[in-house]
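User: I'd like to learn how to read a fold like this one. Could you walk me through it?

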Amino acid sequence: MKARLAKICSLLPFALLLSLVPLPASAQPALRYIDQTPQCGEDITPIEHDERTGLSRETYALKGGYTLIIEPTVWKCSDGEEVSSCRVCLQKGNTVRVIENMLGYLNRTRYAPRYENTDFEDYFVLTYYFDCYYHYLIKKETGALVLAYTGGTADTERNLLIYSPLNGDDFTAVGDNLTDTVFLRDLSAKKDYDLMPYIEREWEKGTYSGTNWWLDAFEITSATEESVTVRFRGFYDWQREEYAELIFTVPR
C-alpha cells in the first residue's frame, strides 16, 4: 500500500543493557546499577538539578512496585568538555536498571524521553519527542524494548494497545521508519490483530485525511473475552466537510 504519512523523524538508538556495575560510594551501597558503556568519555554523573538546562530529576510510580526515574546527568568527554544529558532508570527494591543514557537532545523545558502515564501491569511506555512522537513499549521485569511504534491509543486497564509499528529500531536512519499498518495488541495474550481490513474500504474511497494524525484517531470503547470494539475518526469526508466515524468489532 502506498505510504501516505506526512512526516518522517529520526531518533537516537534505544540503549540496551550491557554490564553490571556497582553504584558510586556516595550512593546507597545496597543498590546496584545495570548499566551501559558510555558513548562519550568515561564519566557520567547523575545530578538532582542541571543549572544549564533547568531540568531536574523526575520520578514516577508504576504498577508492580516499580519507579521510573528520568534524571539529568553530566557527561565528561575525553577532551574535558562537560555535556548536559539525561539517564532513564527503572527501580524496584534495591535494583536500579538503566534503560538509557542519552547524550544531548535536551531543551530548556523538557527531556526528549518522557513518561505520558501509559502503565500496564507488566509493561510501560516511554515516549520520545523529535519533531513528532515515538513510543517504546518496555517490559518492566527486564527493561527490554518490546515494541517501537507511533500513534495509536492504550487501554491500560484491559491491557490493550493500538499501534503502528516502526521498521526496525535504527532510528538514526531517515526514510523508512514509518509504516501504513496498524494493529491491536492484546498484551495479556501476546496476540496482534490487524486493523487495516476494517478501515481499508474507507481508505480506498480516498477519504483518508492525508496526514499522520489518523494513527491517533482510534479509541477502544469496550472489550469482552470474545471481542474488542473500536471507534475510528480518521477519514475526512470532503463533501460534508467532516470526519466520518467508523465503529467496528474485532473478534479475539
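Analyst: We'll go from the whole chain to the sheet, then to the aromatic pairs and the cores. This is a predicted model, where local features need pLDDT of at least 70, side-chain atom pairs count only at pLDDT 80 or more, and totals for chains, interfaces and linings use all residues. Residues are numbered from 1 along each chain as its sequence is written, and side-chain values use heavy atoms, with hydrogens and water left out.

User: How many helices and strands does the chain have?

Analyst: Helices (H or I, at least four residues) and strands (E, at least two) are DSSP runs, numbered from the N terminus. Here there are 19 strands and one helix.

User: And what share of the residues is buried?

Analyst: Buried means under 20% relative accessible area, exposed over 50%, and partly exposed in between (1.4 Å probe, protein chains only). Of the 252 residues in the chain, 45% are buried.

User: Now the open sheet. In what order do its strands come?

Analyst: Strands of a sheet pair through backbone hydrogen bonds, either parallel or antiparallel. We call two strands paired if DSSP finds at least two bridges between them. Seven strands make an open sheet here, in the order β10-β11-β12-β13-β14-β15-β16, with antiparallel pairing. At the edges stand β10 (113–119) and β16; each has a single partner strand, so one side of each lacks a neighbour in the sheet. From one strand to the next, the twist averages 40°. For angles like that, axes are lines fitted to C-alpha atoms (for helices over the stretch in contact), and angles run from 0 to 180 degrees between N-to-C directions.

User: What joins β15 to β16?

Analyst: Four bridges, with β15 (residues 183–186) running antiparallel to β16 (residues 191–194). Arginine 185 stands opposite aspartate 192 in β16. The two strands form a hairpin with four residues between them, and lysine 190 in the turn has a positive phi of about 55°. On the other side of the pairing list, four bridges also join β14 to β15, again antiparallel, and tyrosine 163 has phenylalanine 183 as its bridge partner in β15.

User: How many aromatic pairs are there?

Analyst: Rings of Phe, Tyr and Trp (its six-membered ring) pair if their centres lie within 6.5 Å; planes under 30 degrees apart count as stacked, over 60 as edge-to-face and the rest as tilted. By that rule there are six aromatic pairs. Take tyrosine 128 and tyrosine 136: their ring centres are 4.6 Å apart with the planes at 75°, so this pair is edge-to-face. Tyrosine 128 is buried at 2% relative accessibility, and tyrosine 136 is buried at 1%. Tyrosine 149 and tyrosine 163 also pair edge-to-face, 5.9 Å centre to centre and 70° between the planes. That pair links strand β13 (residues 145–155) with strand β14 (residues 160–165), its members being 14 residues apart. Both tyrosine 149 and tyrosine 163 are buried, and ring pairs link Tyr149, Tyr163 and Phe183 into a cluster.

User: Which residues touch the most other members in the largest nonpolar core?

Analyst: A nonpolar core is a set of buried Ala, Val, Leu, Ile, Met, Phe, Trp, Tyr and Cys residues joined through side-chain atoms within 4.5 Å. The largest has 23 residues, and Leu62, Leu68, Leu90, Phe124 and Leu126 touch the most other members. Apart from that core lies another of 19 residues, including Ile199, Phe218, Val228 and Val230.
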